[in-house]
Amino acid sequence: MTKTPLHLETPLLESRALSLAALRTVWLKMEALQPPGSFKIRGIGHACQIHAQRGAKRFVSSSGGNAGMAVAYAGRVLNIPVTVVVPQTTTARAQELLRLENADVIVHGASWQEANELALSLVGPDDAFLHPFDDPLLWAGHASMIDEVARAGVVPDAVVLSVGGGGLMSGVAEGMARNGWGQVPIIAVETTGAASLHAAMQAGQTVALDAITSIAGSLGAKRVCEQAFQWTQQRPVQSVLVLDASALDACERFLTDHRVLVEPACGASLAVAYEANAALAPYRNVLFIVCGGATATVEQIRQWRQAT
């Protein structure tokens, strides 16, 4: 069994294109270059290795997106079987990618909640369940990306990232805290139809959205995890909302500028740079987490653009 991390140390790039668009220095942490396509392998890989050391004989997940891809990848590398339950809304492309990693894919239910209920019912005494975002093991793994930035000697004035369920934000905040960046603001970006963190910050507690109406499916958690909300009470966090159309435009511009295709959930945070969002005004040196997205295709992004 491998003892080394399952994730790669990703490039940290100063982006000329985004710096010119945003009128300030923009650094990119290129998590889209992880083997399964997103930052998720940092936390998921860490959790899977811990569970493997504890004797897990199978991994079970309920994500048809990046978390499921990370579990499937980790299981293949660790030689542990993986079962992923995905809702009926999961694209054929995503299901194909999961099967390419040798995962057993079960399609069930109209929503992630229904798929998750079935996944939880399948977990036996020798199995480990991998939650897509609400798990301290995941946050500890995600924090490693900030360790890498700190080792490179870059200390930004602010960190910009996308928020879905809040796992990325929780891990980044943990990494920032342990590297002495506790007062460096996080600019937390969501699309207007998937803004569960924004709703929590307005309500003063986590709340459930009535529905997810954004095309950025990876941001589609109706309720942000409690840990992400708690970070908003303990450190500077600014909530920013962008339109689906802005996220999609950012995906296409980023593909041209950096030859990397990301999904709209990642495009949401990149849109803050491309549109020189007012939230950036106080800062001269800004780090963007390019979180990635394994299932995006150019054709799908253009179809979404026509529909918005």
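This is a short tour of one structure, stop by stop, with something to select at each. Keep in mind as you click around that the model is predicted.

**Stop 1: the open sheet**

Switch to a cartoon view and look for the sheet of six strands. It is an open sheet with mixed pairing, and its strands come in the order β1-β2-β10-β7-β8-β9. Which strands sit at the edges? They are β1 and β9 (237-242), each of which pairs on one side only. If you compare neighbouring strands, they are turned by 25 degrees against each other on average, ignoring direction.

Now select residues 25-29, which make up strand β2. Four of the five residues in β2 are buried, so this strand counts as mostly covered. On one side, β2 pairs with β1 (residues 12-14) in the antiparallel sense, over three bridges. To see one of these bridges, pick leucine 12, whose partner in β2 is lysine 29. Next, add residues 285-289, which form strand β10; β2 and β10 run parallel and are joined by five bridges. Here, threonine 25 stands opposite asparagine 285 in β10.

Then hop over to β8, residues 186-191, which pairs with β9 in the parallel sense over six bridges. Show threonine 191 and you'll find its bridge partner in β9, valine 242.

**Stop 2: the nonpolar core**

Time to turn on some side chains. In soluble globular proteins, nonpolar side chains tend to be buried together. In this model the largest nonpolar core has 100 residues. Which residues have the most contacts inside that core? Select Phe59, Val172 and Phe254. There is also a second, separate core of five residues, and Val60, Ala115, Ala119 and Phe129 are among them.

Zoom in on phenylalanine 254 and look at what surrounds the ring. Leaving out residues up to four places away in sequence, phenylalanine 254 touches Leu18, Leu28, Met30, Arg259, Val260, Val262, Leu270, Tyr274 and Val290.

**Stop 3: a serine in helix α12**

Select residues 264-274, which is helix α12, and pick out serine 269 there. Is serine 269 buried or exposed? Serine 269 counts as buried, because its relative accessibility is 0%. Setting aside neighbours within four places in sequence, serine 269 is in contact with Val160, Leu161, Ser162, Val189, Phe288 and Ile289.

**Stop 4: cysteines without a bond**

How many disulfides does the structure hold? Zero. To see why, show cysteine 251 and cysteine 266: the closest cysteine sulfur to that of cysteine 251 is in cysteine 266, 6.9 Å away, which is too far for a bond. Now add cysteine 291, which has the closest cysteine sulfur to that of cysteine 266; at 3.9 Å, this pair is too far for a bond as well. The cut-off is 2.5 Å, so neither distance makes a disulfide. Cysteine 251 is buried, at 0% relative accessibility, and cysteine 266 is buried too, at 0%.

**Stop 5: an aspartate in helix α7**

For the last stop, select residues 144-151, helix α7, and find aspartate 147. With a relative accessible area of 17%, aspartate 147 is buried. What does its side chain make a polar contact with? The partner is the side chain of arginine 178, at 2.5 Å. Not counting residues up to four places away in sequence, aspartate 147 touches Arg178 and Asn179.

How values were computed: Residues numbered from 1 in each chain as written. Predicted model: local features only at pLDDT ≥ 70, side-chain atom pairs only at ≥ 80, totals over all residues. Heavy atoms only, no water. Buried < 20%, exposed > 50% of the residue type's maximum accessible area, 1.4 Å probe, protein only. Core = buried A, V, L, I, M, F, W, Y, C linked by side-chain atoms within 4.5 Å. Contact = heavy atoms within 4.5 Å. Helix = DSSP H or I, 4+ residues; strand = E, 2+ residues; numbered from the N terminus. Polar contact = N/O pair within 3.5 Å; in protein donor to acceptor, adjacent residues only side chain to side chain. Pairing = 2+ DSSP bridges. Axes fitted to C-alpha atoms, helices over the stretch in contact; angles between N-to-C directions.
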